[in-house]
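Here is a guided walk through a protein and the ligand that comes with it. Have the sequence and the 3D view open, and let's go through them together.

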Amino acid sequence: LGDVKNKLEGFWRLSKLAVPVQEDPGKDFLGVSDGLLLAIAKAIKFPVASMLPQEAFTVIRKSFDARKILKEPNFVYTVDMNVSELVSLEPRTREFISDLEPKIGLIEHLPEQRVSGNLIDVIHEYKKVPRETTSDGGGDNVCSGSMGSYKYTTTSKPKVAVVGSGPSGLFAALVLSELGAEVSLIERGQPVEKRGRDIGALIVRRKLELESNFCFGEGGAGTWSDGKLVTRIGRNSDSVLSVMKTLVHFGAPRGILIDGKPHLGTDRLVPLLRNFRKHLQNLGVSIKFGTRVDDLVVRNENVVGVKVSDSSDKLKLNSQNLPCDAVVLAVGHSARDIYQMLLSHDIDLVPKDFAVGLRIEHPQELINSIQYSGLAAEIHSGRGKVPVADYKVVKYLSGEDGDKSLITGAKGRSCYSFCMCPGGQVVLTSTDPSELCINGMSFSRRASKWANAALVVTVSTLDFNLLNIYGPLAGVQFQREFEQKAAVMGGGNFVVPVQTVTNFLDNKQSATSLPPSSYRLGVKAANLHELFPEHITDALKHSILMFEKELPGFISKDGLLHGVETRTSSPVQIPRSTETYESSSLKGLYPIGEGAGYAGGIVSAAVDGMHAGLAVAKKFNLFPDGI
Ligand code: FAD
């Protein structure tokens, strides 16, 4: 009896509920449709689906599954069923629920529904908890409450400089300012309005602003991006949910909480960042755009400030010191000058594995028909019933079986597609005119005619032949070498060297009549075999052959390889304490995000920033354990 009663309380989570495309209202509908009620009725063995009340169900996740092993493509749902509501609205469901048995991965009893809020609400909730306050006579207050005991200084707030307004810096600044620190957010680039104009000038007039471009400026590298919010750090973790809900608070559509492959697109990121900025300013954060941190001010082995200059001041003639109690370094992995500056202070830097390769672009229609066959017609420039097709392929080059022709240096590497942008465009991510590197971006509708993705192979310190000369920055030099080569191969002016995928496999330079490219600054036929060492080229060739097996049609005369994709993740890690986030070689310095080697993407960078913000707040006794 006890068991039955238990089952009739709380929630059941029903997973893998498949609804055929024809019975689903489509990718943009996130509610409970009749088709979904049918799938639910089947899962709980309830005979009349139309009698199930929609109000008792909440969609937690919706994905599209068009794998070829399926009889027909489906939308796949995860749904939470509120049992007491269901039973009160439809008593006949009672016995069906009582008979439910948890089946791993399909039906799970949740005695309580987990509620994790957006970061701002969580902090506000925490601040509302009443605490006893007793003065210790020295201007410090000792507080205790349901979340533990802590101590904070009422007279002076800790001053924290957050360097960089990418996702990691923004979330660190948010947590710290919400918890009462005096935060300066220092950004070498421009606010999104001005940055948008600088990017426009780059695309239209080939004018690269060194400090305001696809990598530098408000929102960081992710602003003019595809805005994919998929992450490898656990979609359902509280930290990721908090970040996603905070993005919704700042204007992202609620659908990102449900969509199996959430993405925003540049057009949605820009207003979101403006709202984020206003919120920080209302909290008193001093945001300094166009201001570059050139150096750290170190006294008695502690960071006591940063040296900043106007980022238009190339010679750093008018720099000034900004005193602070802690520096959160969130500069991303394109701030190569910062790595150099850290070395000058003897701060530990460790070379890190990453991946290099090319960006491949196909007509989106081709990818739609490879992935969806008959369903491709359902896609109308991102407005159709099913999402524009993407792909993700990961392979290991073992050198066994069919891979016998693989040359020695290519064996043992992984190759994978990365940062795939359906309906997107290839963009220039150089921060120096003598170097050329690219990436992909899209708008929310993903409506362009092209599909692009990085095609990369892993590289490690064993590949960095200049380790003796460049030490921990050998990986940076390794990237730079290919970026400079690509710039020369393109002939300058940010023209990108390209080769059709078929010619690349045949080691034959493409003819001048190339398939069209979405890249706006022009492409030039080249033999991309001249770009990388032979073993990397060989690994790329083999990976393309392996991808073809999974995506028949991938090797196509319309597939165009663009050089070069080098900034997949940071080539350096800045060691820090796992608990306090403080640099292991300099007190008061908190290296975070992608540039420090602790994130790879928008969401993981934001999560790192959030945790680092909490760690710094803890150091200054702004909150106790347990938030
Ligand atoms: P960044 O976002 O790089 O931010 C660092 C900030 O620090 C920059 O704004 C920079 O101007 C500033 N800065 C640097 N040096 C200084 C200094 N000395 N003084 C002051 N400020 C400084 N990831 C995804 O998850 N999904 C995607 O779809 C996606 N698409 C991408 C598309 C493109 C074109 C690019 C370039 C990247 C894309 N990424 C994507 C990767 C993602 O943008 C990064 O992983 C993420 O932005 C890293 O966040 P971060 O805060 O660590 O650093």
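What follows goes from the overall outline to the sheets, then to the ligand and a helix pair, and ends with two backbone oddities.

Before anything else, keep in mind that this is a predicted model. Its secondary structure comes to 16 helices and 26 strands. How compact is the protein? The radius of gyration is 26 Å, close to the 25 Å that the globule rule gives for 627 residues, so the protein is as compact as a globular protein of that length. If you'd like a feel for its extent, the C-alpha atoms fill a box of roughly 75 × 75 × 45 Å along the principal axes.

Let's begin with strands close to the start of the numbering. Strand 1, covering residues 11-20, pairs with strand 3, residues 74-82, in the antiparallel sense over eight bridges. To find your place in that pairing, look for Arg 13, which stands opposite Asp 80 of strand 3. Strand 3 also pairs with strand 2, residues 57-65, and there too the sense is antiparallel, over eight bridges. Here a handy marker is Phe 64, whose bridge partner in strand 3 is Phe 75.

Next comes a sheet with parallel pairing. It's an open one of five strands, in the order 10-9-8-14-26. Strand 10 (286-288) and strand 26 (589-591) are its edge strands, each pairing on one side only. From one neighbour to the next, the strands are turned by 15° on average, direction ignored. At one end of the order, strand 9 (residues 182-186) is joined to strand 10 by three bridges, and the two run parallel. You can spot this link at Ser 184, which stands opposite Ser 286 in strand 10.

Now for an antiparallel sheet. Three strands make up this open sheet, in the order 11-12-13. Strand 11 and strand 13 (320-323) stand at the edges with a single partner strand each, so one side of each is left without a neighbour in the sheet. The twist here averages 35° from one strand to the next.

Take this sheet one pairing at a time. Strand 11 and strand 12 (residues 302-310) are antiparallel and share eight bridges. Along that pairing, Val 293 stands opposite Val 308 in strand 12, and Leu 296 has Val 306 in strand 12 as its bridge partner. What links strand 11 to strand 12 in the chain? The two form a hairpin with two residues between them, and Asn 300 in the turn has a positive phi of about 50°. On to the other pairing: four bridges join strand 12 to strand 13, again running antiparallel. Gly 305 is a good landmark there, with Pro 323 of strand 13 as its bridge partner.

Strand 11 turns up again when we look at the ligand. How many residues surround the ligand? There are 42, and the closest are Gly 164, Gly 166, Gly 220, Gly 332 and Gly 593. Helix 6 (167-178), strand 11 (291-299), strand 20 (438-442) and helix 16 (602-619) are the elements that give two or more residues to this shell. Helix 6 provides the largest share, three residues. Sorted by class, the shell has 18 nonpolar, 18 polar and six charged residues.

Two of those contributors, helix 6 and helix 16, also pack against each other, at an angle of about 35° and with their axes 7 Å apart. Their crossing is right-handed. Among the residues making the contact are Gly 169, Leu 170 and Phe 171 of helix 6, and Ala 605, Gly 609 and Met 610 of helix 16. Is this contact mostly nonpolar or mostly charged? Its residues divide into 15 nonpolar, four polar and one charged.

Finally, two spots in the backbone are worth a look. Most residues other than glycine have a negative phi, and most peptide bonds are trans. Cys 419, in strand 18 (residues 413-421), has a positive phi near 50°. The peptide bond from Gly 563 to Val 564 is cis, with omega near 15°, and Val 564 is found in strand 24 (residues 560-565).

Definitions and conventions
Residues are numbered from 1 along each chain as its sequence is written. This is a predicted model: local features need pLDDT of at least 70, side-chain atom pairs count only at pLDDT 80 or more; totals for chains, interfaces and linings use all residues. A residue is near a molecule or strand if its C-beta atom, placed from the backbone, lies within 6 Å of it. Ala, Val, Leu, Ile, Met, Phe, Trp, Tyr, Cys and Pro count as nonpolar, Asp, Glu, Lys and Arg as charged, and the others, Gly among them, as polar. Two strands pair if DSSP finds at least two bridges between them. Axes are lines fitted to C-alpha atoms, for helices over the stretch in contact, and angles run from 0 to 180 degrees between N-to-C directions. A crossing is left-handed if the near helix is turned anticlockwise from the far one by less than a right angle, and right-handed if clockwise. Two residues are in contact if their C-beta atoms, placed from the backbone, lie within 7 Å. The radius of gyration is taken over C-alpha atoms; the globule rule is 2.2 Å times the number of residues to the power 0.38.
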